[in-house]
Amino acid sequence: MGLLYPFDIYLCTMSFFTEKGKPFIIAGPCSAESAEQVHEVAKALQPMQVHLFRAGVWKPRTRPGSFEGMGEAALQWLKEIKKAYNLAVTIEVATPVHIELALKYDIDVLWLGARTTVNPFMVQRLADTLKGVNIPVMIKNPVNPDVDLWQGAIERIAGAGITDIAAIHRGFSTYNAASAYRNQPNWPIPIELKRRLPDMPIICDPSHITGNSALVADIAQKAMDMGFEGLMIETHPNPALALSDAAQQITPAALQQLLANMPVRTGDNAEPGRGMELEQLRQVMDGVDAEIIDMLARRMELSEKIGYLKKECNMPAYQPERWNEIVATRGNRADQAGISREFILELYEKIHHHSISKQLEILQGLLKAVKS
Ligand code: PEP
Ligand code: MN
C-alpha cells in the first residue's frame, strides 16, 4: 500500500491516526534544514509505509544560540514535498502565529511539543486559535511525568472542537546523568492515559525517549509490544550533520530496516478458542489478586496492633533494624520464589511506608482502635 493522503482517511470511519492492523508511522527530520534535505528524505520514504512526514520548522531550544529552525521558508518546502510525493505533512506549533502560518501553507496535521503541553495558558491560546478549524492534532506528553497535565492539554484541544487527536509519548525529563535515555519512558504514564482515554491513539516517539539512534529500534519494538498505535521516528539523510538532535536521528535506510524487522502485535493469530483461554486465565488472576488484597489487609491489621503496642511502650514508629531485616528476608524469599528481587523490594518499600504512616497516626492519637 502506498502513502495515505488525509482526504482518503477522512472518508473512513476510523480516526485519522489508525489503520487496522498497522502502526501509524510518522517519519522525517527533527528540523527542516533545506529544500534539498526535505526532498531527499521524502523521496527515500516513498517505498515505506509512512503515513505522515514530520519536520520541525520552529525549534524549541533549551539554550539560545542553537539552531532555531528555518521558519516560514520551510513551510514552502513542506508544501512542495506534500505535492511532489503525495505525502501528508506535520509540524510542531507553539504559538497562535505558528498555527496561522501552518494553515496558510496547507500543513495537514499539527503537533504540540512537550514544552508547550506543560503550559496550560499556552495550550488554551492554541486551542482558541484552533476553534472552527478542522485539522488533526497530536499532543506530546509534558516534559514532567504528570498524566493530568497531559490529559488536560488533550481536553483543551478537544474543547476547541478538534476531533482527530492523538497523544505522543516522548518520555519525561529527569536529572539523572546515569540514565541510558534522554527522556525516561516511564511507561505507566502513557498506560494510565490509555486507561482514561481508551479510544485515543497513542504514538510513541522513540527518538526523543532515547536521544540515541542505537536505542531507537528497541524502544520502538517495546511500544509495539505494548500495543501503541504508532511511531514517530526522526529520520535524516546524514544524521551526523543534522542541525538539531544529531545523536538520535536515523537514516531512511535504517528506518526501512527497523520497520521491516519489527513484529507488530495485531492479535491476528487469536483463533476463537484462544479468547476463552485468555478469559479463563484472567479469571484465575482475578482470584489471586483478591487473595493478595485480603493478605495485605491482614498485614495492615497486624501493623496497627504493633502500632498500639509501640504507643504503649513509648517506641517510635520506625525501627531501622526491622526495616533492614525485612529487606534482607523478603529479598531472599523473592530469590527463592524466582521473582525479581528488585520488584519485591520496590513493593515492600510501598507496603512498609503505608504501615509506618498508619502507625504514626496511631502514635499521634489520630486513629481510634477498632479492635485491639
Ligand atoms: C521534536 O519533535 O523535534 C521536539 C522538539 O520534540 P519534544 O517536544 O518531544 O521535545
Ligand atoms: Mn528533535
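**Figure 1. The start of helix H7 and its cap.** Asp 146 caps the N-terminal end of H7, with a side-chain oxygen 3.0 Å from the backbone nitrogen of Asp 148. Like every view here, this one comes from a predicted model. Helix H7 covers residues 147-159, and we can check its length with a little arithmetic: at 1.5 Å a residue its 13 residues should span 18 Å, and its end C-alpha atoms are indeed 18 Å apart, so the two agree. Just after the helix, look for Gly 161, whose phi is positive, near 100°.

**Figure 2. The buried residues of helix H7 and their neighbours.** Which residues of H7 are buried? They are Val 147, Leu 149, Trp 150, Gln 151, Gly 152, Ala 153, Ile 154 and Ile 157. These buried residues pack against two kinds of element. The strands are E4 (109-112), E5 (137-140) and E6 (165-169). The helices are H5 (114-117), H6 (120-130) and H8 (188-196). As you trace the helix, it helps to remember that an α-helix has 3.6 residues a turn, so residues three or four places apart point the same way.

**Figure 3. Ligand 1 and the residues around it.** There are 13 residues around ligand 1, and those that come nearest are Arg 54, Lys 59, Arg 115, Lys 140 and Arg 170. Let us zoom in on some polar side-chain atoms. One in Arg 54 lies 2.7 Å from an oxygen atom of the ligand. For Arg 115, a polar side-chain atom is 2.8 Å from a ligand oxygen. The side chain of Lys 140 also has an N or O atom 2.8 Å from an oxygen atom of ligand 1. How much of the ligand's accessible area does the protein cover? On its own, ligand 1 has 290 Å² of accessible area, and the protein covers 97% of that. The surrounding shell is made up of 7 charged, 4 nonpolar and 2 polar residues.

**Figure 4. Helix H12 from end to end.** Helix H12 takes in residues 272-312, and the same kind of length check can be tried here. With 41 residues at 1.5 Å each, the helix should span 60 Å; its end C-alpha atoms are 61 Å apart, which agrees. Its buried residues are Met 300, Ser 303, Gly 307, Tyr 308 and Lys 310. Against what do they pack? Their partner is helix H14 (341-363). Following H12 you will find Asn 314, which has a positive phi near 55°.

**Figure 5. Glu 40 and His 236, a pair from separate parts of the sequence.** Glu 40 sits in helix H2 (residues 35-45). Its relative accessible area is 47%, so Glu 40 counts as partly exposed. Along the sequence, Glu 40 and His 236 are 196 residues apart, yet in space their C-alpha atoms are 8.9 Å apart.

**Figure 6. Two loop residues with a positive phi.** Most residues other than glycine have a negative phi. Asn 86 is not a glycine, but its phi is positive, at about 50°. You can find Asn 86 in the loop between helix H3 (72-85) and strand E3 (89-92). Asp 245 is not a glycine either, and its phi is also positive, at about 50°. Asp 245 belongs to the loop between strand E8 (230-234) and helix H11 (252-260). Are these two buried or partly exposed? Asn 86 has 40% relative accessibility, so it is partly exposed. Asp 245 has 17%, so it counts as buried, because buried means under 20%.

Notes: Residues are numbered from 1 along each chain as its sequence is written. Chains are lettered from A and ligands numbered from 1 in the order in which they are written. This is a predicted model: local features need pLDDT of at least 70, side-chain atom pairs count only at pLDDT 80 or more; totals for chains, interfaces and linings use all residues. Side-chain values use heavy atoms; hydrogens and water are left out. Helices (H or I, at least four residues) and strands (E, at least two) are DSSP runs, numbered from the N terminus. The expected span of a helix is 1.5 Å times one less than its number of residues. Buried means under 20% relative accessible area, exposed over 50%, partly exposed in between (1.4 Å probe, protein chains only). Contact means heavy atoms within 4.5 Å. A polar contact is a pair of N or O atoms within 3.5 Å; within protein, one must be able to donate a hydrogen and the other to accept it, and residues adjacent in sequence count only if both atoms are side-chain atoms. A residue is near a molecule or strand if one of its heavy atoms lies within 4 Å of it. Accessible areas come from the Shrake-Rupley method with a 1.4 Å probe; for residues, only the protein chains shown count as cover. Ala, Val, Leu, Ile, Met, Phe, Trp, Tyr, Cys and Pro count as nonpolar, Asp, Glu, Lys and Arg as charged, and the others, Gly among them, as polar.
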